[in-house]
Amino acid sequence: MSKTLILDGLRVAREIHQQTQKRAQKLREQGIVPCLATVLVGDDPASHTYVRMKGKACEKYGLSSIRIQLPTETTTEELVAKIEELNQDERVHGILLQHPVPSQIDERKAFETIALHKDVDGVTSHGYGEVSMGFGEFPSCTPAGIMAILDYYQIPIEGKHAVVIGRSPILGKPASQLLLNRNATVTVCHSRTVDLANHVSQADIIIAAVGKPRFVQGDWVKPGTVIIDAGYNKGNIGDVDYEACFSKASAITPVPGGPGPVTIAILLKHTVDAAERMLNRLVYK
Ligand SMILES: NC(=O)C1=CN([C@@H]2O[C@H](COP(=O)(O)OP(=O)(O)OC[C@H]3O[C@@H](n4cnc5c(N)ncnc54)[C@H](OP(=O)(O)O)[C@@H]3O)[C@@H](O)[C@H]2O)C=CC1
Ligand SMILES: Nc1nc(=O)c2c([nH]1)NC[C@@H]1CN(c3ccc(C(=O)N[C@@H](CCC(=O)O)C(=O)O)cc3)C=[N+]21
């Protein structure tokens, strides 16, 4: 058996960040500071950690960030009003509403409020629709990060059978569309899928996006499969049984150090994209 390639998300993220940093510097020289607004509702400790990581990354690579923290008992109307305010705020180029929000809030409605040109996290149905049609500007960050990993390691996608496990609006569903647009043959599995192991065993590329620790079993995996583990569960544990799948896979992402860091790199890149676009509008108006 040939050796399994470890797909190093930190390396991919570093390369993206380097480009972002240069572009952010150029924008600053022209008087624009690319700015990401993060919105966090409630006090879930894991969400706090993610949002803090995103803010820190902004600082490190020359972006600014505005952090909005709303109380757990926030209503849909209050959250929508806050997002509308950020839509109007000219200093803000990108808006990230951290998922999940407390259960009394209509999360979909809140996501849909984000202005398309500020939807750097790819959560609106408008943004998703454009991306699915193949001309969207900001695909959801984790799916875009998964594609960046595959491309960095020059893993062929066209004609391959990709099996995506999960169909959530910001992960499984957009990931399946991006793969489809790159001419993969895509199977999307979910909680009602019958005989999941059988589907997974036919994959050339597995995208695990389930939210269940070590869910994907070694004996489901065909030898030579490329495995992308997008899961990020409590205790930094992925959705793939890494030890059992490692020897079967031709390439595999670890957790941590897989799609997670690339997600943040894409988020910052999209924010700089949005800021550049705003500058171009000012110049050519
Ligand atoms: N690294 C990163 O940047 C990110 C990581 N994540 C991680 O990815 C994972 C998934 O997140 P997310 O998509 O938001 O989660 P969701 O809970 O929104 O979606 C989970 C998906 O998995 C499916 N599923 C659940 N149980 C099973 C099962 N037994 N068999 C087959 N499919 C199943 C669900 O099916 P159904 O639709 O039928 O309910 C659903 O489509 C989590 O670990 C999360 O932490 C998420 C976002 C970003
Ligand atoms: N609107 C929205 N967009 C998101 O993109 C989004 C979200 N909501 N809600 C939560 C999930 C989760 N998520 C992660 C991002 C980075 C890491 C990450 O960088 N993880 C590091 C480890 C970090 C650590 O040290 O804990 C790694 O995997 O190596 C993980 C998880 C984005 N999410």
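**Leu282**

I started at Leu282, which is exposed, with 11 other C-beta atoms within 10 Å. The model is a predicted one, and I read every entry below with that in mind. Leu282 sits in helix H10. I took its distance to Ile95: the two are 187 residues apart in sequence, and their C-alpha atoms are 20 Å apart in space.

**Domains**

I looked up the domain assignment next. It gives domain 1 (31-115) and domain 2 (141-257). I noted 28 Å between the C-alpha centres of domain 1 and domain 2.

I then turned to the UniProt record, an unreviewed entry. It lists residues 7-121 under "domain: Tetrahydrofolate dehydrogenase/cyclohydrolase catalytic". In the model, residues 7-121 are 50% helix and 16% strand. The end C-alpha atoms of that span are 23 Å apart.

The same kind of lookup gave residues 140-277, which UniProt lists in an unreviewed entry as "domain: Tetrahydrofolate dehydrogenase/cyclohydrolase NAD(P)-binding". I find 37% helix and 14% strand over residues 140-277, with the end C-alpha atoms 18 Å apart.

**Ligand 1**

I listed the residues around ligand 1. There are 25, and the closest are Gly166, Ser168, Ser191, Gly211 and Thr263. By class I have 9 nonpolar, 12 polar and 4 charged residues in the shell around ligand 1. Helix H10 supplies the largest share of the ligand 1 shell, 3 residues.

**Gly166 and Arg167**

Which residues does UniProt list for "binding site"? The unreviewed entry lists Gly166, Arg167 and Ser168. I looked at Gly166 and Arg167 in turn.

Gly166 lies in the loop between strand E5 (161-165) and helix H7 (172-181). Is Gly166 buried or exposed? Gly166 has 23 other C-beta atoms within 10 Å, and the cut-off for buried is 20 or more, so Gly166 is buried. Setting aside neighbours up to four places away in sequence, I find Gly166 in contact with Leu171, Gly172, His190, Ala209 and Val210.

Arg167 is in the loop between E5 and H7. I count 17 other C-beta atoms within 10 Å of Arg167, so Arg167 is partly exposed. Beyond four places in sequence, Arg167 touches Gly172, Lys173, Val188 and His190.

**Ligand 2**

I repeated the listing for ligand 2. Its shell has 21 residues, of which His99, Tyr232, Pro256, Gly260 and Thr263 come nearest. The elements giving two or more residues to this shell are helix H2 (45-60), strand E4 (94-97), helix H6 (141-152) and helix H10 (259-284). H10 gives the largest share of the ligand 2 shell, 4 residues.

I sorted the ligand 2 shell by class and got 12 nonpolar, 8 polar and 1 charged. I also checked which domains take part: domain 1 (31-115) and domain 2 (141-257) each give at least three residues to the shell around ligand 2.

**Nonpolar core**

I looked up the largest nonpolar core, which has 79 residues. Val164, Ile206, Ile207 and Ala208 touch the most other members. The largest share of this core, 9 residues, comes from H10. Where does this core lie with respect to domain 1 and domain 2? Both domain 1 (31-115) and domain 2 (141-257) give residues to the core, so the core lies between them.

I took Val164 as one of the core residues to follow up. With residues up to four places away in sequence left out, Val164 touches Gly172, Ala175, Ser176, Val186, Val188, Cys189, Ile207 and Ala209.

**Ala249**

My last residue was Ala249, in the loop between helix H9 (242-246) and strand E9 (251-252). I find 23 C-beta neighbours inside 10 Å, so Ala249 counts as buried. Apart from neighbours within four places in sequence, Ala249 is in contact with Thr4, Val221, Thr225, Val226 and Ile227. I also took the distance from Ala249 to Thr74, which is 175 residues away along the chain: their C-alpha atoms are separated by 45 Å.

Conventions:
Residues are numbered from 1 along each chain as its sequence is written. Chains are lettered from A and ligands numbered from 1 in the order in which they are written. This is a predicted model: local features need pLDDT of at least 70, side-chain atom pairs count only at pLDDT 80 or more; totals for chains, interfaces and linings use all residues. A residue is near a molecule or strand if its C-beta atom, placed from the backbone, lies within 6 Å of it. Ala, Val, Leu, Ile, Met, Phe, Trp, Tyr, Cys and Pro count as nonpolar, Asp, Glu, Lys and Arg as charged, and the others, Gly among them, as polar. Domain bounds come from an automatic or database domain assignment. A nonpolar core is a set of buried Ala, Val, Leu, Ile, Met, Phe, Trp, Tyr and Cys residues joined through C-beta atoms within 7 Å. A residue is buried if 20 or more other C-beta atoms lie within 10 Å of its own, exposed if 12 or fewer, and partly exposed in between; C-beta atoms are placed from the backbone. Two residues are in contact if their C-beta atoms, placed from the backbone, lie within 7 Å. UniProt positions are given in the numbering used here, feature names are shortened, and annotations may be inferred rather than shown by experiment.
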